[in-house]
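Me: I'm new to this structure and I'd like a close look at a single part of it. Could you walk me through the sheet and whatever packs around it?

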Amino acid sequence: MEHTKHTEFMSKDKKDTEDTSLGLNGYFDSVLQRPLVALEDRAAESGSHRSAVSGTESWNEEGTRSVEDNEVNLPSLAAAYTTILRGLGEDPGRQGLVKTPWRAATAMQFFTKGYQETIIDVLNDAIFDEDHDEMVIVKDIDMFSMCEHHLVPIIGRVHIGYLPNKRVLGLSKLARIVEIYSRRLQVQERLTKQIAVAVTEALKPTGVGVVIEATHMCMVMRGVQKMNSKTITSTMLGVFREDPKTRDEFLTLVRS
């Protein structure tokens, strides 16, 4: 019975794809025939399922999506957006929407480009031995992410502080860590922890503190529609968690 349902679904999906290529004036004719990469298989092979369950991932794990995957899967994503437009009552063939599915698919791949990037790629050449044991803070790092529940933006700022243990990180790399994890489908709580764990695993510092202040469009544009609401999350590790004075110093400097 399940096999029959699966076959029917695949047949319907194939028909939708063929309709899409016609509805978009042949825009996808040459590319819709390319096979879809089984991202689920790649995720299973890389162990990303375990990472999603735990809410963190090792800083040297492989990404779950490659640049090649983007190219192969773009037509299928565009076809899906065509289906969405039809479901909304729009005509995907009208002038203003002919290329919208392609543009939207490309944009979504950019919004989630963190899946194809890894921490080790950006940190390996930017960790330096330095006899410095005072707090390092980079604050007000712009952050753009996507709510995994509604696929709408999360916009905010990230503050990162750490106490070095004979090693420091190039300052711009803290912003790169934020970029890698925020450019994925996220919840703010997990994002905060992932950033803190990545800095901890990379540097082995005495402590790490991360605070995120963000506005969620799922609360602003829909649902309760509270325009001025802001969500604040924090993760404190090591001495930032154990020593109230260190934590207070970090929070005071972040607010200043």
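Reply: Let's begin with helix α7, residues 171-182, which lies across β2, β3 and β5 and runs at about 20° to β2. A few ground rules before we go on. This is a predicted model, where local features need pLDDT of at least 70 and side-chain atom pairs count only at pLDDT 80 or more, while totals for chains, interfaces and linings use all residues. Residues are numbered from 1 along each chain as its sequence is written, and side-chain values use heavy atoms, with hydrogens and water left out.

Some vocabulary, too. Helices (H or I, at least four residues) and strands (E, at least two) are DSSP runs, numbered from the N terminus. Angles run from 0 to 180 degrees between N-to-C directions, and axes are lines fitted to C-alpha atoms, for helices over the stretch in contact. By that naming, the chain has 11 helices and 7 strands.

Now the sheet under α7. It is an open one of 5 strands, in the order β5-β2-β3-β6-β7, with mixed pairing. The edges belong to β5 (185-186) and β7 (231-238); each has a single partner strand, so one side of each is left without a neighbour in the sheet. Two strands count as paired if DSSP finds at least two bridges between them. As background, strands of a sheet pair through backbone hydrogen bonds, either parallel or antiparallel. Strands β2 (residues 136-147) and β3 (residues 153-163) are paired in the antiparallel sense, over 9 bridges. To see one of these matches, find Ser-145: its bridge partner in β3 is Ile-154. Another helix, α11 (residues 244-255), also packs on the sheet, where it touches β2, β3, β6 (207-216) and β7, and its direction makes about 135° with that of β3.

For a residue-level view, try Val-138, which lies in strand β2. Val-138 counts as buried, at 17% relative accessibility; buried means under 20% relative accessible area, exposed over 50%, and partly exposed in between (1.4 Å probe, protein chains only). Across the whole chain of 256 residues, buried residues make up 42%. Which residues does Val-138 contact, leaving aside its neighbours within four places in sequence? They are Val-158, His-159, Ile-160, Leu-171 and Leu-174, where contact means heavy atoms within 4.5 Å. Take Leu-171: in sequence it is 33 residues from Val-138, yet in space the two are 7.3 Å apart, C-alpha to C-alpha. For the chain as a whole, among contacts between residues at least 6 apart in sequence, 72% join residues at least 24 apart.

Back to α7, which has a helix neighbour as well. Two packed helices are described by the angle between their axes and the distance between the axes. For α7 and α8 (residues 188-203), the angle is about 135° and the axes are 10 Å apart. That makes α7 oblique to α8, since angles under 35 degrees count as roughly parallel, over 145 as roughly antiparallel, 65 to 115 as roughly perpendicular and the rest as oblique. The two helices cross in a right-handed way; a crossing is right-handed if the near helix is turned clockwise from the far one by less than a right angle, and left-handed if anticlockwise. On the α7 side, the residues that meet α8 are Leu-174, Ile-177, Val-178, Tyr-181 and Ser-182. Their counterparts in α8 are Leu-191, Gln-194, Ile-195, Ala-198 and Val-199.

Charged side chains come next. A salt bridge here is a side-chain nitrogen of Lys or Arg within 4 Å of a carboxyl oxygen of Asp or Glu, and the structure holds 8 of them. One joins Glu-179 to Lys-113, with the closest N and O atoms 3.5 Å apart. This pair links distant parts of the chain, 66 residues apart: Glu-179 sits in helix α7, and Lys-113 in the loop between α5 (100-111) and α6 (119-123). Glu-179 is partly exposed at 21% relative accessibility, whereas Lys-113 is buried at 16%. The pair also belongs to a salt-bridge network that links Lys-113, Glu-117, Glu-179 and Arg-183.

The sheet has a salt bridge too, between the side chains of Arg-157 and Glu-213 (3.4 Å, N to O). Arg-157 lies in strand β3 and Glu-213 in strand β6, so the pair ties together parts that are 56 residues apart in sequence. Arg-157 is partly exposed, with a relative accessible area of 32%, while Glu-213 is buried, at 17%.
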